[in-house]
Amino acid sequence: MSYQVLARKWRPRTFHELAGQEHVVRALTNALDQQRLHHAFLFTGTRGVGKTTIARIFAKSLNCETGISSTPCGECSACREIDTGRFVDLIEVDAASRTGVDDTRELLENVQYAPSRGRFKVYLIDEVHMFSRNSFNALLKTLEEPPPHVKFLLATTDPQKLPVTVLSRCLQFNLKRLPTSLIAGYLNQVLESEGIEGEEAAVRLLARAGDGSMRDALSLLDQAIAFGGGRVETVTVSAMLGSLDRKQVVGLLEALAANDAPLLLQRVAELDELSPDYAAVLAELLALLQQVALVQVVPNAAPDDGAADPEELCRLAGQLAPEDVQLFYQIALLGRRDLPLNPDLRGGFEMVLLRMLCFRPAMVEGVAMATTAPVPVQTPAIAAIPRPAPPVVAVSAQPASGSEWDLLVKQMVLNGREKDLASNCELVKHEGNHFCLMLEPRFEIMLSQHVKDGLKSALERHLGEPVDLKFQFGSVTTATPKERRQQQQAERRQVISDQARHDPHVRDIVETFDARIVAIHPLDESEG
């Protein structure tokens, strides 16, 4: 007996066997059970999501010898002949190969005649959007006034190409792309029924590669079984798909988080030895950045594809500031679009990563600062007068006052949310390795467990010893680091503003062009 591929062998034969598409199954089941049957149904959706399968099950439900119902018996001659594709009253047409009007007219010539065997004569037209304009016109008349014994089941991946006149005469059902978790579950059932061992990670890779299509995933599973010699293992599936090891993408992101250009280029060199598809690498990096951003906003959020380690995502979320994640994502997105334009793909990939480092906000006094900032002045524009950067002040490892806590916050390596929390706190008690911080109740929303643990870890790394960090809520008695920084910025702006207003060149421009100074900011200042 010849081998039957899994995509055909495991094609569902009843509505209950279908994976997903509950919204379509529910509507068709109710229509069959209540005998409310339209004469034309249109099933739309991407490849391999079940359009033709649902149409065949529907045709079986209409012609089952036990009666019209949503649960055909599967045992009568009509059901068996439909399953094997030999039912004379089920006319399946591939519109891609019969686009001419003569083909359509020939097809519809027998519509008026009663079915030979079944209760209904069912026309299943696949890829109906491939019909020509004249073919649609020939079909339209029959769709408008069909005989009572005829049902039309149309399927297409591109419903926008169908004339509105055809769409208006059909009940339309849009089939969704299947989620990775659902495809993986179905693949596991197939492997168990076939008696084939399969690793969960390998099945996940195949489900993701299916890209929402159950048929594609089953075809890949067939290929993986053959490639692995009867076993479905992660190593062989990765080699077959040319998949990238996620650890390598994580390594790239760790080098970016550390701002380590030599390490970043070393990781790219190691990656290049595998001759990867750099567009696919950027796609993996984009997916990882999206998951990191999601964890930063919703710490308990878990990816639904099962490909990421939650602990790994939390670690990366703590190493990267949210603004850096957003910047990296945008640069990677644009870089993936422009990658084919590069004469050397590796060089183009390296430039995308180096662009992330170069455009990352510079860290000055522990605060992210833009390298340039426009001055909001009416025409003509007046450049702000920069002030020399303040000297770097060392801090004791044993802070005891609010000002020393300010300096300690500046020296610790903190991400964005940890920086916000520390900057709004006042150090009220410090004994040995015990720290107690005061936080006003309005900032309580900042004190999530994840951010609190990150601040404690940063303090321990800086001091080189374990610390006990506690928080209290109440009114602060001294200026917090954020308030002190804002006060210093305001004083600095005032000094620079006075210098600019008394500068003779600025006065000449104002008088010559009748200009007015709206505001003046230092070029290296960032509000925070």
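Select A155 first, and then show whatever lies around it: leaving aside residues up to four places away in sequence, A155 touches L42, F43, K51, I125, D126, E127 and V128. Keep in mind throughout the tour that the model on the screen is a predicted one. A155 belongs to strand β4, which covers residues 150-156, and because its relative accessibility is 1%, below the 20% limit, A155 counts as buried. Add T52 to the selection, and you will see two residues that are 103 places apart along the chain while their C-alpha atoms are separated by 6.8 Å.

**Helix α4**

Move next to E81, which has its place in helix α4, residues 77-83. Is the side chain of this glutamate buried or exposed? E81 is buried, with a relative accessible area of 14%, and its contacts, not counting residues up to four places away in sequence, are R86, F87 and R117.

**Helix α10 and the loop after it**

Select Q223, which lies in helix α10, residues 214-227, and which is partly exposed, with a relative accessible area of 43%. If you also pick V237, the C-alpha atoms of the two residues are 9.2 Å apart in space, while 14 residues separate them in sequence.

From here go to R231 and E197, whose side chains meet in a salt bridge with 2.6 Å from N to O. This pair links distant parts of the chain, since R231 is in the loop between α10 and α11 (234-241) and E197 is in the loop between α8 (180-194) and α9 (200-209), 34 residues apart. R231 is partly exposed at 35% relative accessible area, whereas E197, at 52%, counts as exposed.

**Helix α14**

Now colour helix α14 and look along its length. Its 20 residues, at 1.5 Å a residue, should span 28 Å, and the C-alpha atoms at its ends are 29 Å apart, which agrees. At the start of α14, zoom in on D277, where a side-chain oxygen reaches to within 3.1 Å of the backbone nitrogen of A279. Which residues of α14 are buried? Among them are Y278, V281, L282, L285, L286, L288 and L289, and farther along the list Q291, V292, A293, V295 and Q296. To see what covers these buried residues, display α12, α13, α15 (310-319), α16, α17 and α19 (416-423), which are included in that cover.

Then turn to L294, V297 and V298, which make a nonpolar surface patch of about 260 Å². V298 is found in the loop between α14 and α15, and with a relative accessible area of 40% V298 is partly exposed.

**Helix α17**

One of the helices that cover α14 is α17, so select residues 345-358 next. These 14 residues should span 20 Å at 1.5 Å a residue, and the end C-alpha atoms are 20 Å apart, which agrees. In α17 the residues G348, F349, E350, V352, L353, M356 and L357 are buried, and the buried residues of this helix pack against α12 (246-257), α13 (261-272), α14 (278-297) and α16 (322-338).

**Salt bridges**

How many salt bridges does the structure hold? There are 22 salt bridges, and a few are worth a separate selection. Side chains of opposite charge can pair when their charged atoms come close.

Select R246 and E312, which form a salt bridge whose closest N and O atoms are 4.0 Å apart. R246 lies in helix α12 and E312 in helix α15, so the pair ties together parts that are 66 residues apart in sequence. Both partners are on the buried side of the limit, R246 with a relative accessible area of 14% and E312 at 17% relative accessibility.

For a pair within one helix, select K456 and E460, whose side chains meet in a salt bridge with 2.8 Å from N to O. Being four residues apart in helix α20 (residues 449-463), K456 and E460 are separated by about one helical turn. An α-helix has 3.6 residues a turn, so residues three or four places apart point the same way. K456 counts as partly exposed, at 28% relative accessibility.

As a last stop, select R13, K60 and D83, which are joined into one network by salt bridges that share partners.

Methods: Residues numbered from 1 in each chain as written. Predicted model: local features only at pLDDT ≥ 70, side-chain atom pairs only at ≥ 80, totals over all residues. Heavy atoms only, no water. Helix = DSSP H or I, 4+ residues; strand = E, 2+ residues; numbered from the N terminus. Expected span 1.5 Å × (residues − 1). Buried < 20%, exposed > 50% of the residue type's maximum accessible area, 1.4 Å probe, protein only. Contact = heavy atoms within 4.5 Å. Polar contact = N/O pair within 3.5 Å; in protein donor to acceptor, adjacent residues only side chain to side chain. Patch = residues over 30% accessible without salt bridge, like charges linked within 9 Å, V, L, I, M, F, W, Y side chains within 5 Å. Areas by Shrake-Rupley, 256 points an atom, 1.4 Å probe, with all protein chains shown as cover.
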